[in-house]
Amino acid sequence: MPNSASQSFLLKDSFNTLVDSFIDNKVGVAENFLPAMLAGNLKENLIKLYNEKQLQQAGTGNDTTVVHNKLMRSDIIYWLDRKHNNQYENEFFELMDNFVSFLNSTCYTGITGYEFHYTMYEPGSFYKKHLDQFRNNDSRQYSMILYLNDNWQDEDGGKLRIHHSDSFQDISPENGKIVFFKSNELPHEVMITNKPRLSITGWLKIH
Ligand code: OGA
Ligand code: MN
């Protein structure tokens, strides 16, 4: 059992891996960012909410321009909230608080908030090429996606495709992996998935 000093060292290690790869490639990736226990518990929450039909179709655009556009995206979502008093959501928020402190102190990012939702892509679902920042609201600064899928195979589809200026990068939605990039810079899409594809998606925000 690691003591809290070595635990926080391990945490810093994965924060460093994520931020270093972000600085090098514009896309930060870290495997096993979510501790296996927490990933398992969040996945259980998500499956329970899904079975209770609590997940809803996501819109594109912000509050004033919500368009339930099935041609653009077909995932369904449920927002995490401290008000749920759910142990695992709260553990997740604590991890994010630590990451935001780390990011603000190492990169002077000035992040003051965040929002995260559970996400389910049922088989046949996708999200067409898009940017995460809304045209009339620049509060979303960084996008983060954490995956909750064991043993993802190439034939399962559902890769995250990130478009760089003259190439693209495909990322497989493997359990515990996190992806981190600037919300207004990199167009990206979720390729059609052939298996249920589970994740937590969110944004680090200013004002
Ligand atoms: C999004 C998104 C990517 C993914 O929800 O905006 O781009 O890999 N998700 O789930
Ligand atoms: Mn996106």
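**Exercise 1. Asn32 and Asn151**

Asn32 is exposed, at a relative accessible area of 59%; work out where Asn32 sits in the chain and what is notable about its phi, then do likewise for Asn151.

*Solution.* The structure is a predicted model, in which local features need pLDDT of at least 70, side-chain atom pairs count only at pLDDT 80 or more, and totals for chains, interfaces and linings use all residues. Residues are numbered from 1 along each chain as its sequence is written, chains are lettered from A and ligands numbered from 1 in the order in which they are written, and side-chain values use heavy atoms, with hydrogens and water left out.

Step 1. Fix the terms. Buried means under 20% relative accessible area, exposed over 50%, and partly exposed in between, with a 1.4 Å probe and protein chains only. Helices (H or I, at least four residues) and strands (E, at least two) are DSSP runs, numbered from the N terminus.

Step 2. Asn32 belongs to the loop between strand S1 (27-30) and H2. Its phi is positive, about 55°, although Asn32 is not a glycine.

Step 3. Most residues other than glycine have a negative phi.

Step 4. Asn151 lies in the loop between S6 and strand S7 (160-163). It also is not a glycine, yet has a positive phi of about 50°. With 57% relative accessibility, Asn151 counts as exposed.

**Exercise 2. The sheet**

Give the order of the 7 strands in the open sheet and state which strands stand at the edges.

*Solution.* Step 1. Two strands pair if DSSP finds at least two bridges between them.

Step 2. The order is S1-S9-S6-S11-S4-S3-S2, with antiparallel pairing. S1 and S2 are at the edges; each has a single partner strand, so one side of each has no neighbour in the sheet.

Step 3. Follow the bridges from the S2 edge. Strand S2 (residues 56-57) pairs with S3 in the antiparallel sense over 2 bridges, and Gln57 is opposite Ile76 in S3. S3 is in turn joined to S4 by 4 bridges, again antiparallel. Here Ile76 faces Met120 in S4, and Ile77 has Thr119 as its bridge partner in S4.

**Exercise 3. The nonpolar cores**

Find the residues with the most contacts inside the largest nonpolar core and the element that supplies the largest share of this core.

*Solution.* Step 1. A nonpolar core is a set of buried Ala, Val, Leu, Ile, Met, Phe, Trp, Tyr and Cys residues joined through side-chain atoms within 4.5 Å.

Step 2. The largest core has 38 residues, and Phe33, Phe92, Phe99, Phe116 and Leu204 have the most contacts inside it. Elements supplying at least two residues each include helix H1 (4-25), helix H3 (87-107) and strand S4 (113-121). H3 gives the largest share, 8 residues.

Step 3. Another core, of 9 residues, lies apart from this one; among its members are Val27, Ile145, Tyr147 and Leu160.

Step 4. Take Phe116 as an example. Contact means heavy atoms within 4.5 Å. Leaving aside neighbours within four places in sequence, Phe116 is in contact with residues including Trp79, Phe92, Met144 and Leu204.

**Exercise 4. The manganese ion and ligand 1**

Identify the protein donors of the manganese ion (ligand 2), then list polar atoms that lie close to oxygen atoms of ligand 1, using the 3.5 Å limit for a polar contact.

*Solution.* Step 1. Donors are N, O and S atoms within 2.8 Å of the metal (3.2 Å for Na, K and Ca); water is not among the atoms, so sites may look incomplete.

Step 2. The protein donors are His130 (NE2), Asp132 (OD) and His188 (NE2), at 2.1 to 2.2 Å from the ion. Along the chain they follow the spacing H-x1-D-x55-H. His130 in strand S5 (residues 127-130) and His188 in strand S10 (residues 188-190) are 58 residues apart and link distant parts of the chain. Both His130 and His188 are buried.

Step 3. A polar contact is a pair of N or O atoms within 3.5 Å; within protein, one must be able to donate a hydrogen and the other to accept it, and residues adjacent in sequence count only if both atoms are side-chain atoms. Oxygen atoms of ligand 1 lie 2.6 Å from a side-chain N or O atom of Tyr147, 2.8 Å from a polar side-chain atom of Arg197 and 3.2 Å from one of Asp132.
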